[in-house]
Amino acid sequence: MHPVTPLRRAWAPVAVLVGWAVHDFDQAQRRLSDLTGTHLLIGLGVLLPAAALYGFLSWWFMHFSVTDTELRIRTGLVFRRTAHIRLDRLQAVDINQPLLARFLGVSKLKMDVIGTDSKDELAFLSDTDARALRAELLARAAGFAPETANDVGEAPSEQLLHVPPRTLFIALLLSGSSWLLLLGALAGPPFLWFTTHSIGLLIGTGIPLLGAAFASTVGRYVKEYDWTVGDSPDGLRIDHGLLDKAHETVPPGRVQAVRIVEPPLWRRRGWVRVELDVAGSANDLLVPVAPREIAQELIARILPGVTVPTELSAPPARAAWCVPVWWRGHGLAVTDTVFASRHGRLTRTLALVPHAKVQSVRLLQGPWMRRKGVADIHVETGANTSVAARMRDEEEAAKLLHSQADRSRTGRRTARPDRWMA
């Protein structure tokens, strides 16, 4: 690993000290006033060499190797841990560059593996080594022989979409949830102070509200800045980030569901947001904002043969007795390739599930729904998510329960292989 690797956790002791000081400010102030210059010098003289030695030894004992069938990562100074990552189970190999790492010319590799929720990572490698290792891992995962994987190199990419910073800024301004969180962050703490005069309640409530407002506005802009989508033989590539640069890949054949989100203030401009459910991958966003026509073209790339339905059937009028007002936002369309369900009156969300990705189908009907003759149909995907078609006529739901199971079996027999560069 690169020699700067030990510095990646150097912030942890500082964060612990800051957290303790914020939690008990008075005691922290007293402790600091009791310390003399001699005590500080002795403490620094002991702690700094010990921390440097621990960082060096942790870097020295961290190794990785690529065999014919797996990537092995060995870490740990006192407690050893060895991760065996099968190359044929790799779904995505992403390159991430935090702000400081960009100045130092290093990157981290994050691996998405089928069957695991967390990502194994190699941090840090030089930029050149990280890209070369990523290309080799993808070539091995695609089935190239070990002796030729090093010569394959990184697959070429063709740009499909670029989100201008101005468009992203306007889209965030027109996002209602961001304004609600910002309003709550500005109005909540003063209201709590005037009603309770409690510093602890003010800090405990105000800081999370401010953090949520920052994450939904400035944080989203910084993360989704310069969003670019490209097409390559190893899947759709996504590059984004203002401070921390991320280079992600949407693995081919592993997209279980697609959601087209349309906030109310975006409709006049024809903008949508496209989210993903990917099995074995944490990449959950395809496009932060784009015209509907371009978004549909990208969806056709990741779900070959799937066309986004435009006509959806509404629930029967008696569904209003179960879900007043909001029942009009629900809709359903089932085509030869996809199960499509819509919900929401203000922010509309259309979920698309290819028949081949449906793992199970459920019919749910509560006592009041039985009285009104309606039922819900839920389809489960391989990404541990569920898409529901709500408030359908009970006869329609019963037929859909069996017909969807047949469509799923047929879709799996004709689906393309889930392999890199296949």
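What follows is a walk through the fold of one chain, from its overall make-up down to a few individual residues.

The model is a predicted one, with local features needing pLDDT of at least 70, side-chain atom pairs counting only at pLDDT 80 or more, and totals for chains, interfaces and linings using all residues. Residues are numbered from 1 along each chain as its sequence is written, and side-chain values use heavy atoms, with hydrogens and water left out.

In bulk terms, the chain comes to twelve helices and 19 strands; here helices (H or I, at least four residues) and strands (E, at least two) are DSSP runs, numbered from the N terminus. Of its 422 residues, 39% count as buried. Buried means under 20% relative accessible area and exposed means over 50%, with partly exposed in between (1.4 Å probe, protein chains only). About 23100 Å² of the chain is exposed, and carbon and sulfur atoms supply 60% of that; accessible areas come from the Shrake-Rupley method with a 1.4 Å probe, and for residues, only the protein chains shown count as cover. As for contacts (heavy atoms within 4.5 Å), 53% of those in the chain with a separation of 6 or more are between residues 24 or more positions apart.

Now for the sheets. Seven strands make up an open sheet in the order β6-β5-β4-β10-β9-β8-β7, and the pairing is antiparallel. Two strands pair if DSSP finds at least two bridges between them. At the edges sit β6 (120-126) and β7 (158-162), each of which pairs on one side only. From one strand to the next, the twist averages 20°. Helix α10 (residues 292-302) packs on this sheet and touches β7, β8 (228-232) and β9 (235-240), with its direction at about 140° to that of β7. Those angles run from 0 to 180 degrees between N-to-C directions, and the axes are lines fitted to C-alpha atoms, for helices over the stretch in contact. Within the sheet, β4 (residues 90-97) and β5 (residues 106-113) are antiparallel partners over six bridges, and N96 stands opposite K108 in β5. Edge strand β6 also holds F124, and the peptide bond leading from A123 into F124 is cis, with omega near 10°.

Strand β10 (residues 245-250) contributes H247. This histidine counts as buried because its relative accessibility is 9%. Its side chain makes a polar contact of 2.5 Å with that of D239. A polar contact is a pair of N or O atoms within 3.5 Å; within protein, one must be able to donate a hydrogen and the other to accept it, and residues adjacent in sequence count only if both atoms are side-chain atoms. Leaving aside residues up to four places away in sequence, H247 touches D94, I95, R134, E154, R237, I238 and D239.

Another group of strands centres, for this account, on β16. Strand β16 (residues 348-354) is mostly covered, with six of its seven residues buried. One of its antiparallel partners is β11 (residues 255-262), joined over five bridges, where V258 stands opposite L352 in β16. Strand β15 (residues 338-343) also pairs with β16 in the antiparallel sense, over six bridges, and there R342 stands opposite L350. The hairpin of β15 and β16 has four residues between the strands, and G344 takes a positive phi near 105° in it. As a general note, side chains in a regular strand alternate between the two faces of the sheet.

Positive phi values also turn up away from glycine. V325 has phi near 65° and belongs to the loop between α10 and β14 (331-334). With a relative accessible area of 54%, V325 is exposed. M391 has a positive phi too, near 60°, but its place is in strand β19 (residues 386-393). M391 is buried, its relative accessible area being 1%.

Last comes D68, a residue of the loop between β1 (63-66) and β2 (70-75). D68 counts as exposed because its relative accessibility is 59%. Even so, D68 touches L87, R140 and P146, not counting residues up to four places away in sequence. For R140, which is 72 residues from D68 along the chain, the two C-alpha atoms are separated by 8.1 Å.
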